[in-house]
Amino acid sequence: MAAWADGDVAVEASRATRLRPIEDRTNERHRRCTQAHPRGRSVTPDLIVCGLGPAGRALAHRATARGLTVIALDPAPERRWTATYAAWADELPHWLAPEAIAATVARPMAWGTRAHQLDRSYVVLDTARLQTSLSLSGARIIADRAVEISPERVTLASGRSLAAARVVDARGLTRSAARAEQTAYGVIVDAERCAGLDPLFMDWRADNGAAAGEMRSFLYAVPLDDERMLLEETCLAGRPALAGSRLRMRLHHRLGARGIPLTGAEPVEHVRFPVQGGRPGPHTFGAAGGFLHPATGYSVAAALAAADAMAAGQDVWPAAARVVHHLRGAGLRALLAMPPADLPVFFDTFFELPPAAQRAYLSGRTDLTGTVNAMRTLFAALPWRLRRRVAAATLGIPVPSRGRPGSAMMEA
Ligand SMILES: Cc1cc2nc3c(=O)[nH]c(=O)nc-3n(C[C@H](O)[C@H](O)[C@H](O)COP(=O)(O)OP(=O)(O)OC[C@H]3O[C@@H](n4cnc5c(N)ncnc54)[C@H](O)[C@@H]3O)c2cc1C
């Protein structure tokens, strides 16, 4: 067994044979590391990735593909992911294994008060295959919890301290009352029972039993494969978001109204995660790094797409991306301030934007011009009463709602 020189503490490397001593490497960064540890065969790794969710695992995987020496750290590195992840097909990187895609919907439907067929392919990922395809066979895996992270060092719950040329925090986001969340309650149903139900990116129609002034939720319906569909009642964002029990009742009500009664024996997916938080920067990635779109809750494809650049040490937060990040935050504020009854109208307007504008807003993480144009076009197309709300929320000005104090309509 070789010892990993990590400054003060030498860590036993059970997979040392997979690591190349850094004196084999010639680039400037490695010369710097060798100098920092002048004890001969220093094997300070190039990268430590803290957190092995989709983002951290993709980063560690792509870093090893580049030939970097990588430590991949997670309290439960072998934990199988269970969430159903989906993305727009054009967001995914070319290197992603084709088997990681479970199903493709060429033109999903969206409903506000009326139907919109979206001119953009949507894919549902095969979670297990996605995880396996992001192989970590080239990395050293440590089952431990990071308790303190700095740009070149991480302290673990076990008391160890590890150093690397670069440490990246991909630990996701922690829940907090201050953070808006997305919640959903889903069931997996035989596809033949869903005959007549189109795949739905979102369906805001009011057949879920919710009262008129209540916080809205929408139906999400996607194929998991040829035989099964995931039907999910979703609260896009709320502070607090709708409880799973409420979403369950609405889903049962809605599906019953559409001729798809549930037996209660269907496999269930519970969804709850913060849509706010994360710090963009060179040492954070995935949800922890501000990759999560606060107004949609998507981050997986953005992290996969940026994994190569992040592994290469490139700046994944150019000035344009940072401004887009702020604009997306303003978009979330607008959603949270929207009167519930107006959400379907808002989404009718959004889904009538040109496809390029929709794409820019939903996926253009670094596309400042596209994002600004999309938001401007959307704003101009909204009814006047909503423009006032959106403008005030974007600027952070509270707008009183009739009959309720404060501006919050999706906020309780
Ligand atoms: C059920 C569900 C469905 C979702 N569906 C979609 C979807 O369809 N599309 C989409 O884009 N997004 C979706 N999301 C939202 C979001 O993209 C996911 O939450 C995604 O998992 C975020 O990836 P991540 O790798 O950044 O963080 P996480 O998946 O949260 O991973 C963080 C990792 O860090 C580890 N960790 C935590 N603390 C420590 C520590 N102290 N030290 C070391 N490791 C630590 C954790 O064990 C975990 O493995 C969904 C979320 C949920 C919950």
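**Ligand shell, sheets and helix 7 in a predicted model**

Among the 34 residues around the ligand, those that come nearest are G51, G53, A55, G172 and G286; a residue is near a molecule or strand if its C-beta atom, placed from the backbone, lies within 6 Å of it. The model is predicted: local features need pLDDT of at least 70, side-chain atom pairs count only at pLDDT 80 or more, and totals for chains, interfaces and linings use all residues. Numbering starts from 1 along each chain as its sequence is written.

**Ligand shell**
- At least two shell residues each come from helix 2 (54-65), strand 4 (70-74), strand 5 (86-88), strand 19 (268-274) and helix 5 (300-311); helices (H or I, at least four residues) and strands (E, at least two) are DSSP runs, numbered from the N terminus.
- The shell holds 22 nonpolar, 8 polar and 4 charged residues, where Ala, Val, Leu, Ile, Met, Phe, Trp, Tyr, Cys and Pro count as nonpolar, Asp, Glu, Lys and Arg as charged, and the others, Gly among them, as polar.

**Parallel sheet**
- Four strands form an open sheet in the order 10-4-3-14, with parallel pairing; two strands pair if DSSP finds at least two bridges between them.
- Strand 10 (140-143) and strand 14 (166-169) each have a single partner strand, so one side of each is left without a neighbour in the sheet.
- On average, neighbouring strands of this sheet are turned by 20° against each other, direction ignored (axes are lines fitted to C-alpha atoms, for helices over the stretch in contact, and angles run from 0 to 180 degrees between N-to-C directions).
- Helix 2 packs on this sheet and touches strand 3 (47-50), strand 4 and strand 14; two residues are in contact if their C-beta atoms, placed from the backbone, lie within 7 Å.
- The direction of helix 2 makes about 160° with that of strand 3.
- Strand 4 and strand 10 run parallel, joined by 4 bridges, and D74 has A143 in strand 10 as its bridge partner.

**Antiparallel sheet**
- A further open sheet has 3 strands in the order 5-9-6, with antiparallel pairing.
- Strand 6 (101-105) stands at an edge and pairs with strand 9 (residues 122-125) over 4 bridges.
- V105 is opposite Y122 in strand 9.

**Helix 7**
- L343, P344, F346, F347, F350 and F351 are the buried residues of helix 7 (residues 343-351); buried means that 20 or more other C-beta atoms lie within 10 Å of the residue's own, with C-beta atoms placed from the backbone.
- Their cover includes strand 7 (109-111), strand 16 (200-203) and helix 9 (368-381).

Technical notes
A residue is buried if 20 or more other C-beta atoms lie within 10 Å of its own, exposed if 12 or fewer, and partly exposed in between; C-beta atoms are placed from the backbone.
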